[in-house]
Amino acid sequence: MFESLTQRLSKVFSGLTGRGQLTEENMEEGLAEVRAALLEADVHFRVVRDLIDRVKAQADGTEVLKSVSAGQMLVKLFHDELVEMMSSEGEPIAFRGDAKPTVVLMAGLQGSGKTTSTAKLAVHLRDERRRKPLLVAADVQRPAAVDQLRQLGAQIDLPVFHVPGEPPERLAELALAEAMKTGRDTVLVDTAGRLHIDDELMEELKRIRAAVTPDTTFLVCDAMTGQDAVRSASAFRETLPLDGVILTKLDGDSRGGAALSVRHVTETPVRYVGLGEKVADLEPFHADRLVSRLLGMGDVVSLVEKAQKVVDEEEAEAQMKRMMEDRFTLDDFLKQLRAIKKMGSLGGLLGHLPGVPAGMADQIDEKQLDRTEAVVLSMTPQERKRPEIIDAGRKRRIARGSGTAVDVVSRLLKQFEQMRKMMKQMKKGGLFSRLKGAFGGGGGMGLGDMPDMEGMMSGGPGGMPGMPGGPGGARTTNASADARRKNRKAERKRRKQGRKRR
Ligand SMILES: Nc1nc2c(ncn2[C@@H]2O[C@H](COP(=O)(O)OP(=O)(O)OP(=O)(O)O)[C@@H](O)[C@H]2O)c(=O)[nH]1
Ligand SMILES: [Mg+2]
């Protein structure tokens with residue numbers, strides 16, 4: 001798979017390795033070579049252009065890492081941007097939750113791999129997703145098509161539905177009824193292919209759709225046809241709502257053009273890939289895996305990730321130092337906010353910390369974080385460094401700029417000031433070192449010793465900016481709900497024992 005492209009890219013990247021830092025010059029040079037390699041691999045020109053632009057934009061904003069070379073950095077940037085461009089969210093198949101079986105429609109050009117993929121997908125859904133598939137031979141175009149699916153069905157031990165003489169839409173309808181009767185929960189409809197997209201094909205697919213309303217429609221594309229596959233996918237999409245693409249024959253695709261282009265050009269997610277002729281040769285599509293295979297440089301990517309982590313840690317340490325020296329600014333605060341957001345769900349994160357009371361995590365509103373970020377972003381650099389210069393007029397401007405209100409800005413500033421004061425006190429009391437001991441496990445300090453921890457997180461007096469307002473502890477937390485539940489349980493137990501005694 002992708003042999004030539006992988007070879008060329010690795011040559012470009014290793015040429016850059018050892019050239020020290022990423023500069024505009026060596027990046028331009030490297031990118032020009034990458035561009036040529038991608039175009040030669042039949043990658044869609046728009047994909048190449050967008051990818052290069054995105055890598056450039058990322059490189060501009062990326063801090064230069066001391067410990068990695070230009071080539072390594074570029075590999076990582078490419079890896080990340082490619083993954084981003086090729087991946088999609090959500091589930092491949094929208095399984096139904098009601099009594100009606102889930103219907104999956106397979107469409108595509110002649111010889112693209114529809115029939116083979118129908119069988120492969122059925123095996124995958126049965127073995128990995130515990131579904132009970134029924135295969136439907138709805139290709140009445142070619143007499144041998146029904147036999148082909150029947151043979152595959154026998155091979156994989158799954159039922160195949162067909163009634164001779166019926167049109168495709170009627171076959172699909174009958175199959176649905178049959179599935180309900182026989183307890184099959186997933187109906188996979190194999191359809192006829194055509195040499196080109198024509199009205200006849202489209203009308204047939206529309207009739208099937210009208211008859212059984214598929215929950216998911218897949219377009220099966222032959223990756224070996226390169227940009228033809230991308231073009232036909234775009235054309236299909238104009239008349240038929242597509243939920244995903246199954247990209248077949250990736251094992252024979254030595255260039256990679258279709259695989260790299262189809263998601264970005266058609267805006268349709270690639271959901272499965274066919275990697276051979278056998279029924280087991282189907283995999284759910286994972287952009288990161290494919291990109292790693294393509295770049296063949298997994299070790300470089302993890303190396304750069306590690307280096308980036310070191311930089312993050314150094315930054316955190318520097319912030320701590322600024323806190324201690326009372327030089328903590330709103331810029332630092334913004335960085336912290338972003339770091340918290342990057343770590344994913346705040347509630348989930350806090351839930352993992354030892355000593356954080358249950359329920360506290362649920363009180364943190366992530367939208368509030370966005371709002372706080374907007375307020376800080378609406379301040380000028382001077383204002384962020386010296387918040388004391390922010391007067392009423394400036395507050396009004398910041399509120400307007402961030403789409404909030406003046407009192408929101410005031411509250412944030414007050415909280416920030418309190419936070420700074422608290423840090424100073426902590427420093428005076430040597431609390432930082434005590435904290436370190438406590439979280440290091442050896443120290444004997446519980447959370448109760450910390451200054452109003454609960455009030456801080458829930459935005460009560462002296463609260464952390466960005467956290468929801470309202471006095472801490474005044475609301476019903478999961479903790480107290482838990483406690484109530486426990487009490488009720490104990491009460492029931494007591495009563496039961498009381499009855500026994502009597
Ligand atoms: N190497 C390889 N061959 C594949 C793959 N998927 C399908 N094929 C082969 O491609 C050929 C066509 O596959 P079919 O499943 O019959 O294609 P189809 O879309 O149903 O074709 P029509 O019904 O004629 O439109 C067969 O020889 C398959 O074995 C794949 O992922 N890799
Ligand atoms: Mg077929």
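Here is a short conversation about a predicted model, its sheet and some of its helices.

Trainee: What is the mean pLDDT of the protein, and over which residues does pLDDT stay under 50?

Mentor: Good place to start! The mean pLDDT is 78, and 73% of the residues reach 70 or more. The stretch where pLDDT stays under 50 is residues 434-482.

Trainee: Which strands are the edge strands of the open sheet?

Mentor: Let's follow the order of the eight strands, which is β3-β2-β4-β1-β5-β6-β7-β8, with mixed pairing. An edge strand here pairs on one side only, and that picks out β3 (160-161) and β8 (282-284).

Trainee: Which residue in β6 does Asp 222 stand opposite?

Mentor: Look at β5 (residues 216-222) and β6 (residues 244-248), which run parallel and are joined by five bridges. Opposite Asp 222 in β6 you will find Thr 248.

Trainee: Are α5 and α6 roughly parallel or roughly antiparallel to each other, and why?

Mentor: The axes of α5 (residues 114-129) and α6 (residues 143-156) come within 10 Å and cross at roughly 25°. Angles under 35 degrees count as roughly parallel. So α5 and α6 are roughly parallel.

Trainee: How many charged residues does the contact of α5 with α6 have?

Mentor: On the α5 side, the contact residues include Thr 115 and Ala 119, and on the α6 side they include Gln 148 and Leu 152. By class, the contact has seven nonpolar residues, three polar ones and, for charged residues, none.

Trainee: Which strands does α6 touch where it packs on the sheet?

Mentor: The direction of α6 makes about 165° with that of β2. The strands that α6 touches are β2 (133-138), β3 and β4 (186-191).

Methods. Residues are numbered from 1 along each chain as its sequence is written. Chains are lettered from A and ligands numbered from 1 in the order in which they are written. This is a predicted model: local features need pLDDT of at least 70, side-chain atom pairs count only at pLDDT 80 or more; totals for chains, interfaces and linings use all residues. Axes are lines fitted to C-alpha atoms, for helices over the stretch in contact, and angles run from 0 to 180 degrees between N-to-C directions. Helices (H or I, at least four residues) and strands (E, at least two) are DSSP runs, numbered from the N terminus. Angles under 35 degrees count as roughly parallel, over 145 as roughly antiparallel, 65 to 115 as roughly perpendicular and the rest as oblique. Two residues are in contact if their C-beta atoms, placed from the backbone, lie within 7 Å. Ala, Val, Leu, Ile, Met, Phe, Trp, Tyr, Cys and Pro count as nonpolar, Asp, Glu, Lys and Arg as charged, and the others, Gly among them, as polar. pLDDT is the predictor's confidence in each residue, from 0 to 100. Two strands pair if DSSP finds at least two bridges between them.
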